[in-house]
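This briefing is meant for someone who is meeting the structure for the first time. Please look over the sequence and the model before reading the points below.

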Amino acid sequence: MVIIVFYSVISRSILNSSIAWAEELSRILFVWLVFTGAVLGLYNIEHLGLHILLDRLKP
């Protein structure tokens, strides 16, 4: 994803032409990355909001 975004930025600034597929692919990869992180956080029971709530409540 970093390489694709870097390629898109370089082509936009140096070549003065935007590459449509690079922007769409980076958007799809970012959504995939967010969903994968959510699934892994749920699987490992590491939900950020749950820890903050449980630390503030009395036992």
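A residue is called exposed when its relative accessible area is over 50%, buried when that area is under 20%, and partly exposed in between. The model described here is a predicted one, and the points below take up a helix, its two sides and a nonpolar patch on the surface.

**Helix H1**
- Helix H1 runs over residues 2-14, and its 13 residues should span 18 Å at 1.5 Å a residue, which agrees with the 18 Å that separates its end C-alpha atoms.
- Ile4, Ser8 and Ser11 are the buried residues named in H1, and because the buried residues fall within an arc of 70° when seen down the helix axis, they line one face of H1.
- These buried residues of H1 pack against H2, whereas Val2, Ile3, Phe6 and Ile14, on the other side of H1, are exposed.
- Just after H1 comes asparagine 16, which takes a positive phi of about 55°.

**The nonpolar surface patch**
- Met1, Val5, Val9, Phe30, Val31, Trp32, Leu33, Val34 and Phe35 together make a nonpolar patch of about 870 Å² on the surface.
- Both H1 and H2, the latter covering residues 20-43, supply at least two residues each to the nonpolar patch, and the largest share, six residues, comes from H2.
- Phenylalanine 30, one of the patch residues, has its place in helix H2, and with a relative accessible area of 46% phenylalanine 30 is partly exposed.

Methods:
Residues are numbered from 1 along each chain as its sequence is written. This is a predicted model: local features need pLDDT of at least 70, side-chain atom pairs count only at pLDDT 80 or more; totals for chains, interfaces and linings use all residues. Side-chain values use heavy atoms; hydrogens and water are left out. Patches are made of residues with over 30% relative accessible area and no salt bridge: like charges are joined within 9 Å, nonpolar side chains (Val, Leu, Ile, Met, Phe, Trp, Tyr) within 5 Å. Accessible areas come from the Shrake-Rupley method with a 1.4 Å probe; for residues, only the protein chains shown count as cover. A salt bridge is a side-chain nitrogen of Lys or Arg within 4 Å of a carboxyl oxygen of Asp or Glu. Helices (H or I, at least four residues) and strands (E, at least two) are DSSP runs, numbered from the N terminus. Buried means under 20% relative accessible area, exposed over 50%, partly exposed in between (1.4 Å probe, protein chains only). The expected span of a helix is 1.5 Å times one less than its number of residues. The arc is that of the directions from the helix axis to the C-beta atoms. Contact means heavy atoms within 4.5 Å.
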